Amino acid sequence: MSVETVEGTEYDQIVLNGPKKVAMATSLDADAIREAYADVRSDTSETQWAVFKFDGQRIVCFAKGDEFDKFKEHFGENERAFGYIRVQTGDEMSKRQKFLFVTWVGPSVSVIQRAKMSTDKSMIKDIIKNFAVELQLEALSECDLSYFKEALNKAGGANYGTGVRDL
């Protein structure tokens, strides 16, 4: 904070000039995010994932797809993003779809941008409400389908295996 003295009056005035204001309000492209969310959840759609990124101060649906390797490509070292993924779990006796919500904060993201993620995440979670597991990732090595499946299996409770009993 800087201090400035204004002279020429009976009493000198001290004017405090605070830090410059920065636009901090984040907004959402709610319709596009809602449409992508419904597309990932739909049993009739091939879409397996959606990525939501920042376009300035606005969160937009950046990409959708059906191959996990393409999903991983959307997370950079200096980026913040969110992902929503459908993963098939279960065994040969019971297959089911589970959903995972990912918050990505790259290792080169500034401290201020990291701090904003909690409020930004709460905004997007007003639309994306149904998921079995939520993960926060900060390294590309964590963006791994087997890691996601393991997290979903742990959250799912009982994991019965093959369904064949040993007598």
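In the predicted model, buried residues account for 34% of the 167 residues in the chain. The surface that the chain exposes amounts to about 10,500 Å², of which carbon and sulfur atoms supply 49%. Four helices and eight strands were assigned, and along the sequence they follow the pattern β-β-β-α-β-β-α-β-β-α-β-α. Among contacts with a separation of 6 or more, 58% join residues that are 24 or more positions apart.

Helix α3 was examined in detail. This helix covers residues 111–124, a run of 14 residues. From its first C-alpha to its last, α3 reaches 20 Å, close to the 20 Å expected at 1.5 Å a residue. The helix nevertheless bends, by about 35 degrees, at Met117. The residue at the bend is itself buried, as are Lys116, Asp120, Lys121 and Ile124 of α3. An α-helix has 3.6 residues a turn, so residues three or four places apart point the same way.

Asp120 is one of the residues of helix α3. Its relative accessible area is 1%, and because buried means under 20%, Asp120 is classed as buried. Beyond its neighbours within four places in sequence, Asp120 is in contact with Thr26, Phe54, Ile59, Arg80 and Phe82.

Thr26, one of these partners of Asp120, is placed in the loop between β2 (13–17) and β3 (27–28). Thr26 counts as buried because its relative accessibility is 13%. Two polar contacts link the side chain of Thr26 to side chains of α3: one is made with Lys116 at 3.0 Å, the other with Asp120 at 2.8 Å. When residues up to four places away in sequence are not counted, Thr26 touches Phe54, Gln57, Ile59, Lys116, Asp120 and Met123. Phe54 and Ile59 thus appear in the contact list of Thr26 and also in that of Asp120.

A further buried position was found in strand β6 (residues 80–91), which contains Val87. With a relative accessibility of 3%, Val87 counts as buried. Its contacts, leaving aside neighbours within four places in sequence, are with Arg96, Gln97, Lys98, Leu145, Lys149 and Leu152. Val87 and Gln48 are separated by 39 residues in sequence, and their C-alpha atoms lie 7.4 Å apart in space.

Helix α4 spans residues 145–155 and includes Tyr147. Tyr147 has a relative accessible area of 35% and is therefore partly exposed, since this class lies between the 20% limit for buried residues and the 50% limit for exposed ones. Outside its neighbours within four places in sequence, Tyr147 is in contact with Leu135, Leu137 and Glu142.

Cysteine residues were also considered. A disulfide is a covalent bond between the sulfur atoms of two cysteines. The search of the whole structure returned zero disulfides. Cys61 has a relative accessibility of 23% and so counts as partly exposed, whereas Cys143, at 3%, counts as buried.

Methods: Residues are numbered from 1 along each chain as its sequence is written. This is a predicted model: local features need pLDDT of at least 70, side-chain atom pairs count only at pLDDT 80 or more; totals for chains, interfaces and linings use all residues. Side-chain values use heavy atoms; hydrogens and water are left out. Helices (H or I, at least four residues) and strands (E, at least two) are DSSP runs, numbered from the N terminus. The expected span of a helix is 1.5 Å times one less than its number of residues. The bend at a residue is the angle between axes fitted to the seven residues ending there and the seven starting there. Buried means under 20% relative accessible area, exposed over 50%, partly exposed in between (1.4 Å probe, protein chains only). A polar contact is a pair of N or O atoms within 3.5 Å; within protein, one must be able to donate a hydrogen and the other to accept it, and residues adjacent in sequence count only if both atoms are side-chain atoms. Contact means heavy atoms within 4.5 Å. Accessible areas come from the Shrake-Rupley method with a 1.4 Å probe; for residues, only the protein chains shown count as cover. A disulfide is a pair of cysteine sulfur atoms within 2.5 Å.
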